[in-house]
Amino acid sequence: KDGDDWTIIGFEKYREGTITTCNISGFLIFLGSITIPLYSASLTIYYNLIICHQWSEERIRKRFEIYVHMLIPPIGIIIAIYPLMTELYNGWYFYCFVCETKARGNKSASDILKALY
């Protein structure tokens, strides 16, 4: 309800909550937007190994699946924590996501890209 530039006319009445609830929902939405595509890609690789390379379930479990579950969640969590630490989760339309706002210091969502590269 801070009236920032990212609010589209008509959506501001749906923006409820606090900065904390926005951070929580923004973190979870961003985490999902990172990990879901990674898990989809791993599922594609899984089927490729089963169908094209005839890997057994045991071989998949030992040489592929364990690494998928060891790598994807930490990658998603680490990437989703950065906007939380830099206050980049803000109200966007009717939910919270990574975007800039005047109310929290004019930080830009492109700061994530600058930090990653």
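Which residue of β2 stands opposite W92? In this predicted model, the residue facing W92 is Y95. The two belong to a hairpin of β1 and β2, with two residues between the strands. Strand β1 covers residues 89-92 and strand β2 covers residues 95-98. The strands run antiparallel and are joined by four bridges. Within this hairpin, Y93 adopts a positive phi near 55 degrees.

The hairpin sits in a chain of three helices and two strands. Along the sequence, the order of elements is α-α-β-β-α. The chain has 117 residues, of which 30% are buried.

Helix α2 spans residues 57-85. Its length can be checked against the expected rise. At 1.5 Å a residue, its 29 residues should span 42 Å. The C-alpha atoms at its ends are 40 Å apart, which agrees with that expectation. The helix is nevertheless bent, by about 40 degrees at F64. F64 is also buried. Other buried residues of α2 are I60, V68, I72, G76, A80 and P83. An α-helix has 3.6 residues a turn, so residues three or four places apart point the same way.

Helix α2 also contributes to the surface. A nonpolar patch there is formed by L38, I66, Y67, M70, L71 and I75. Together these residues have about 560 Å² of accessible area. Helix α2 gives the most to this patch, with five residues. L71 is one of the patch residues, and its place is in α2. The helix therefore carries buried residues such as V68 and I72, as well as the main share of the nonpolar patch.

Charged side chains are paired in α2 as well. The whole structure holds two salt bridges. In one, E58 pairs with R61, and the closest N and O atoms are 2.8 Å apart. Both residues lie in α2, three residues apart, or about one turn of the helix. In the other, the side chains of E58 and K62 meet at 3.6 Å, N to O. K62 and E58 are four residues apart in α2, so about one helical turn separates them. The shared partners join E58, R61 and K62 into one network.

The three members of the network can also be described by accessibility. E58 is partly exposed, because its relative accessible area is 40%. R61 is partly exposed too, at 43%. K62 has 56% relative accessibility and so counts as exposed.

Helix α1 covers residues 19-51. L43 belongs to this helix. With a relative accessibility of 45%, L43 counts as partly exposed. L43 and E65 are separated by 22 residues in sequence. In space, their C-alpha atoms are 9.7 Å apart.

The loops on either side of α2 were examined for backbone angles. Most residues other than glycine have a negative phi. Where does Q54, with its positive phi of about 50 degrees, lie? Q54 is in the loop between α1 and α2. Q54 is not a glycine, yet its phi is positive. Its relative accessible area is 62%, so Q54 is exposed.

A positive phi also occurs after α2, at E87. E87 lies in the loop between α2 and β1. Its phi is near 55 degrees, again in a residue other than glycine. Is E87 buried or partly exposed? At 37% relative accessibility, E87 counts as partly exposed. Beyond this loop comes the hairpin, where Y93 has its own positive phi near 55 degrees.

Technical notes. Residues are numbered from 1 along each chain as its sequence is written. This is a predicted model: local features need pLDDT of at least 70, side-chain atom pairs count only at pLDDT 80 or more; totals for chains, interfaces and linings use all residues. Side-chain values use heavy atoms; hydrogens and water are left out. Two strands pair if DSSP finds at least two bridges between them. The expected span of a helix is 1.5 Å times one less than its number of residues. The bend at a residue is the angle between axes fitted to the seven residues ending there and the seven starting there. Buried means under 20% relative accessible area, exposed over 50%, partly exposed in between (1.4 Å probe, protein chains only). Patches are made of residues with over 30% relative accessible area and no salt bridge: like charges are joined within 9 Å, nonpolar side chains (Val, Leu, Ile, Met, Phe, Trp, Tyr) within 5 Å. Accessible areas come from the Shrake-Rupley method with a 1.4 Å probe; for residues, only the protein chains shown count as cover. A salt bridge is a side-chain nitrogen of Lys or Arg within 4 Å of a carboxyl oxygen of Asp or Glu.
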